[in-house]
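Please open the model in a viewer and keep the selection tool at hand. The stops below are meant to be followed in order.

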Amino acid sequence: MSLYMNIALMIVAVGLILAILFQVKGGGLGGIFGQSDTVYRTRRGVEKTLFQFTIVLAVLFIVLSIVTLILSR
């Protein structure tokens, strides 16, 4: 059982890393040359879905970590 939990934890961890890396980072190269990034903008469409998916993966990662810790005793 612990083996399956560890595999699931690794899959969720890789998915979480990829979801974080795919998120848009606002200003791009403009921030290097002094462009202000103070404009508030809302997430829409795919960006919003990816943001919510990242939150779900983070919660799932925490839950799986706690369950794996409990089962390893």
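The model is a predicted one. Begin by selecting Leu57 together with Val12, Gly15, Leu16 and Ala19, which Leu57 touches when residues up to four places away in sequence are not counted. Leu57 is found in helix α2. Its relative accessible area is 9%, under the 20% limit, and Leu57 is therefore buried. For a backbone reference, display the C-alpha atoms of Leu57 and Gly15: these residues are 42 apart along the chain, and the two atoms are separated by 7.4 Å.

Next, extend the selection to the largest nonpolar core. Which residues make up this core? There are seven: Met5, Leu9, Val12, Leu16, Ala19, Leu57 and Leu64. Two elements, α1 (2-22) and α2, each give two or more residues to this core. Its largest share, five residues, comes from α1.

From the core, centre the view on Leu16. With neighbours within four places in sequence left aside, Leu16 is in contact with Thr54, Leu57, Ala58 and Phe61.

Now move to Leu50, which also lies in helix α2. Apart from neighbours within four places in sequence, the contacts of Leu50 are Ala19, Phe22 and Gln23. Add Val24 to the display and compare C-alpha positions: Leu50 and Val24 are 26 residues apart along the chain, with 9.9 Å between their C-alpha atoms.

Select Thr68 next, again in helix α2, which spans residues 46-71. Is Thr68 buried or exposed? Thr68 has a relative accessibility of 11% and so counts as buried. Show its side chain and the backbone oxygen of Leu64; the side chain reaches that oxygen at 2.7 Å. Beyond neighbours within four places in sequence, Thr68 is in contact with Met5, Asn6 and Leu9. Of these three contacts, Met5 and Leu9 were already selected as members of the largest nonpolar core, and Leu64 belongs to that core as well.

For the last stop, turn to the surface and select Met1, Ile55, Val59, Val63, Val67 and Leu71. These residues form a nonpolar patch, with about 530 Å² of accessible area together. Within the patch, pick out Val63, whose place is in helix α2. Val63 counts as partly exposed because its relative accessibility is 43%, whereas Leu57, in the same helix, is buried at 9%.

Technical notes. Residues numbered from 1 in each chain as written. Predicted model: local features only at pLDDT ≥ 70, side-chain atom pairs only at ≥ 80, totals over all residues. Heavy atoms only, no water. Helix = DSSP H or I, 4+ residues; strand = E, 2+ residues; numbered from the N terminus. Buried < 20%, exposed > 50% of the residue type's maximum accessible area, 1.4 Å probe, protein only. Polar contact = N/O pair within 3.5 Å; in protein donor to acceptor, adjacent residues only side chain to side chain. Contact = heavy atoms within 4.5 Å. Core = buried A, V, L, I, M, F, W, Y, C linked by side-chain atoms within 4.5 Å. Patch = residues over 30% accessible without salt bridge, like charges linked within 9 Å, V, L, I, M, F, W, Y side chains within 5 Å. Areas by Shrake-Rupley, 256 points an atom, 1.4 Å probe, with all protein chains shown as cover. Salt bridge = Lys/Arg side-chain N within 4 Å of Asp/Glu carboxyl O.
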